[in-house]
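Colleague: I would like to go through this model piece by piece. Keep the answers short, please.

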Amino acid sequence: MPGLPAEVRGVPSDAAPVLDARIPAGPIEQKWDRCRAEMKLVNPANRRKHTIIVVGSGLAGAAAAATLGEQGYHVRCFTFHDTPRRAHSIAAQGGINAAKNYRNDGDSVFRLFYDTVKGGDFRAREANAYRLAQVSVNIIDQCVAQGVPFARDYGGLLETRSFGGVQVERTFYARGQTGQQLLLGAYQALERQIAAGTVTMHPRTEMLDLVVVDGKARGIVTRDLQTGAIESHVGDVVVLATGGYSNVFYLSTNAKASNCTAIWRAHRRGAFFGNPCFTQIHPTCIPQSGEHQSKLTLMSESLRNDGRVWVPKKKGDTRRPNDIPESERDYYLERRYPAFGNLVPRDVASRAAKEVCDEGRGVGPGGHGVYLDFADAIARLGLDNVVEKYGNLFEIYERITGDDAYRVPMRIYPAPHYTMGGLWVDYHLMSTIPGLFVAGEANFSDQGANRLGASALMQGLSDGYFILPATVPDYVATAKLAKVDTSHAAFREAEADVRRRTHMLLEVNGRRTVDSFHRDLGRLMWDDCGMARSDAGLRRTLAKIPELREEFHRNVRVLGTGEELNQALEKAGRVADFLELAELMCLDALHRSESCGGHFRVESQTAEGEARRDDAKFCYAAAWEWTGHGQQPALHKEPLAFEHVHLAQRSYK
Ligand SMILES: Cc1cc2nc3c(=O)[nH]c(=O)nc-3n(C[C@H](O)[C@H](O)[C@H](O)COP(=O)(O)OP(=O)(O)OC[C@H]3O[C@@H](n4cnc5c(N)ncnc54)[C@H](O)[C@@H]3O)c2cc1C
């Protein structure tokens, strides 16, 4: 990717065709029903003749594979984990949103839609956000029917709590283990199909390339992580549900194995990448304790329901928190945002934490922390109540820090957590490659420039249980697919490519570990493409990434062979892809010279330091096209129209 695209250099871009998101006509409330009514169906007897490849068995993938299997398709589901239960979705703590209005506190489908569009800082597609809110109510019913043990109130109704950026209580939860319980539900549904013979599971198998035949996605190339065998698999449709790419920052709250390889390889085969720079920095994570660390731990946003965030008013105050009197504490979120208080959206809370730390009022080692204090909640609700609601989170905190957060406030700091960017998809969740569908965190999502808490599980399950099971059959029924097998030249070429890349990584035999490169990349990205981004910083990092990538391919050391379980080799392939994706993220961040949601450009802020959008120039989703090795990527735009939630400066004051 030498140089910068014309758009970034300030030269008008050439007239690339505007992307068609295939948004159905008609009133927003009827679009999804109308779309479903107009889509083609496949006769039950014909479904088993079609093979659907699903890569990923987290919430989005497991839900899609189980549902398409139940419909009667022949589904082949791939994961690099040893079991679907290990997908990163299992880590989700706080909850899942749904517009059930069980609390009768003013919630509705429209309000959830409104909150999502506003929370996403007007960079989400209205039609998708509305559909997500509609489908949210079905998700809860589906999961309850599966036996997911959501928390219940005394009378037996499902309990809810609040998450950031909203003023209703619509978040359903299972203690601090919501993702685990939802994944066990999806996993059971999947197991049922495996037993019924409709789904074939391929664990410990990593997708390393996408195969495109006659312009359509027709299969994948995988590597068996135990034997190293490289194989091709043919299908009529490929679904990628491979999660997010926050690990580009090295340190993140994601599972260590989460990576971008599947979507990056598909991007290189022609799938456009949507809004790659839109990443979420979560405000409540346990601060980094040293250079040795390889992972950060989230403290669920649900804690902000009752915990109060503060720092000392005085700079450099090193007293113990309980020795600092009330009058010398700054509850800065409550002060600055009285309407939402501690429950402002994540981007707002993260930036506010960074600001007070930059002012020298941060707490803990290096001043990289703020307090999350439960003293008031314990006094108000009683200790037992707090233990019941958040017990396992306090336990995680104590195991990692050694501190008892019932007695001293937690220390928290923002950390990379979620990626709103991902492969661009239309309303059907189909990428720019016909037959390649993308679901869950892997697509560029319904969340815009910032995701509200508890909305990722909602989106993953909406995509998997409800959207793909309608749109994939429509594609199968209408696409004219030639008969293809793995002897086709496209499969042979993709396999050869995978072998060559694997071989090259083993051949280098340099002097630096894969992790050392990953750590350097993470530092570059955190410094210049993290919580605050500037023109100068992004240009600096754009110059450094190619140098680091070049050194990686010259000097990385991967021990072992390709014919055995070799985790260094797995990591090397993933880091090689991160080194390419990182450049696209910075390029996207550089071209978007406005601030919006999680993307904060220091040059574009209001007098109070809030993000300032530039709707005249940037009211679009950016979709980047790979144009070849060493070539500039091409920028395409999907204009966004806001007809129901009118464009306005976000305010949580
Ligand atoms: C600590 C934490 C807590 C969270 N809490 C919440 C919460 O409370 N509420 C909420 O809404 N969201 C939460 N989130 C976000 C949410 O958990 C994720 O966005 C969501 O679970 C992603 O699901 P997914 O199915 O898209 O991907 P994942 O669960 O990441 O699954 C990806 C799957 O793809 C497979 N895979 C990936 N690449 C390949 C490949 N190349 N070949 C083969 N297989 C591959 C993996 O093996 C895995 O099976 C949290 C996130 C974190 C990190």
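Colleague: Which helices do the buried residues of α16 pack against?
Modeller: This is a predicted model, where local features need pLDDT of at least 70, side-chain atom pairs count only at pLDDT 80 or more, and totals for chains, interfaces and linings use all residues. Residues are numbered from 1 along each chain as its sequence is written, and side-chain values use heavy atoms, with hydrogens and water left out. The buried residues of α16 include Leu-538, Ile-545 and Phe-552; buried is under 20% relative accessible area, exposed over 50%, partly exposed in between, with a 1.4 Å probe and protein chains only. They pack against α14 (489-508), α15 (514-529) and α17 (567-591).

Colleague: What span does α16 reach from its first C-alpha to its last?
Modeller: Helices (H or I, at least four residues) and strands (E, at least two) are DSSP runs, numbered from the N terminus. The expected span is 1.5 Å times one less than the number of residues. With 21 residues, α16 (535-555) is expected to span 30 Å, and its reach is close to that, at 30 Å.

Colleague: How many residues of α10 are buried?
Modeller: α10 runs over residues 346-358 and reaches 18 Å, close to the 18 Å expected. Its cover includes β12 (279-285), β13 (308-312), α9 (332-336), β15 (370-373) and β16 (410-419). Arg-346, Asp-347 and Arg-351 are among the buried residues. Of the 13 residues, the buried number ten.

Colleague: Which residue with a positive phi follows α10?
Modeller: Most residues other than glycine have a negative phi. The residue after α10 is a glycine with phi near 95°. That is Gly-360.

Colleague: How much of the ligand does the protein bury?
Modeller: Start with the polar contacts, meaning pairs of N or O atoms within 3.5 Å; within protein, one must be able to donate a hydrogen and the other to accept it, and residues adjacent in sequence count only if both atoms are side-chain atoms. A backbone N or O atom of Gly-95 sits 2.8 Å from a ligand nitrogen, while polar backbone atoms of Ala-60 and Ala-456 each lie 3.0 Å from a ligand oxygen. Taken alone, the ligand exposes 1,000 Å² (Shrake-Rupley, 1.4 Å probe). The protein buries 97% of that.

Colleague: Which element gives the largest share of the shell around the ligand?
Modeller: Elements giving two or more residues are α4 (59-71), β7 (205-213), β16 and α13 (456-478). The largest share is three residues. It comes from β7.

Colleague: Which residues come nearest to the ligand?
Modeller: The shell holds 37 residues, each with a heavy atom within 4 Å of the ligand. They divide into 16 nonpolar, 18 polar and three charged. Those that come nearest are Thr-79, His-81, Ser-89, Gly-94 and Glu-441.

Colleague: Is Thr-205 buried or exposed?
Modeller: Thr-205 sits in β7. Contact means heavy atoms within 4.5 Å, and beyond four places in sequence Thr-205 is in contact with residues including Phe-78, Thr-79 and Thr-222. Its side chain also reaches the backbone oxygen of His-202 at 3.4 Å. At a relative accessible area of 10%, Thr-205 is buried.

Colleague: How far apart in space are Val-54 and Leu-240, C-alpha to C-alpha?
Modeller: Val-54 lies in β1 (51-55). Its relative accessible area is 0%, so Val-54 is buried. In sequence, Val-54 and Leu-240 are 186 residues apart. In space, the separation is 6.1 Å.

Colleague: Which backbone oxygen lies 3.1 Å from a polar side-chain atom of Arg-613?
Modeller: Arg-613 is in the loop between α17 and α18 (615-618). It counts as buried because its relative accessibility is 12%. Among the residues it touches are Asp-121, Glu-594 and Leu-647. The oxygen in question belongs to Ala-648.

Colleague: Is Asp-121 buried or exposed?
Modeller: Asp-121 lies in the loop between α5 and α6 (126-146). Its phi is positive, about 55°, although it is not a glycine. At 2% relative accessibility, Asp-121 counts as buried.

Colleague: And Asn-104, buried or exposed?
Modeller: Asn-104 also has a positive phi of about 55° and is not a glycine. It is found in the loop between β3 (96-97) and α5 (109-119). At 65% relative accessibility, Asn-104 counts as exposed.

Conventions
Ala, Val, Leu, Ile, Met, Phe, Trp, Tyr, Cys and Pro count as nonpolar, Asp, Glu, Lys and Arg as charged, and the others, Gly among them, as polar.
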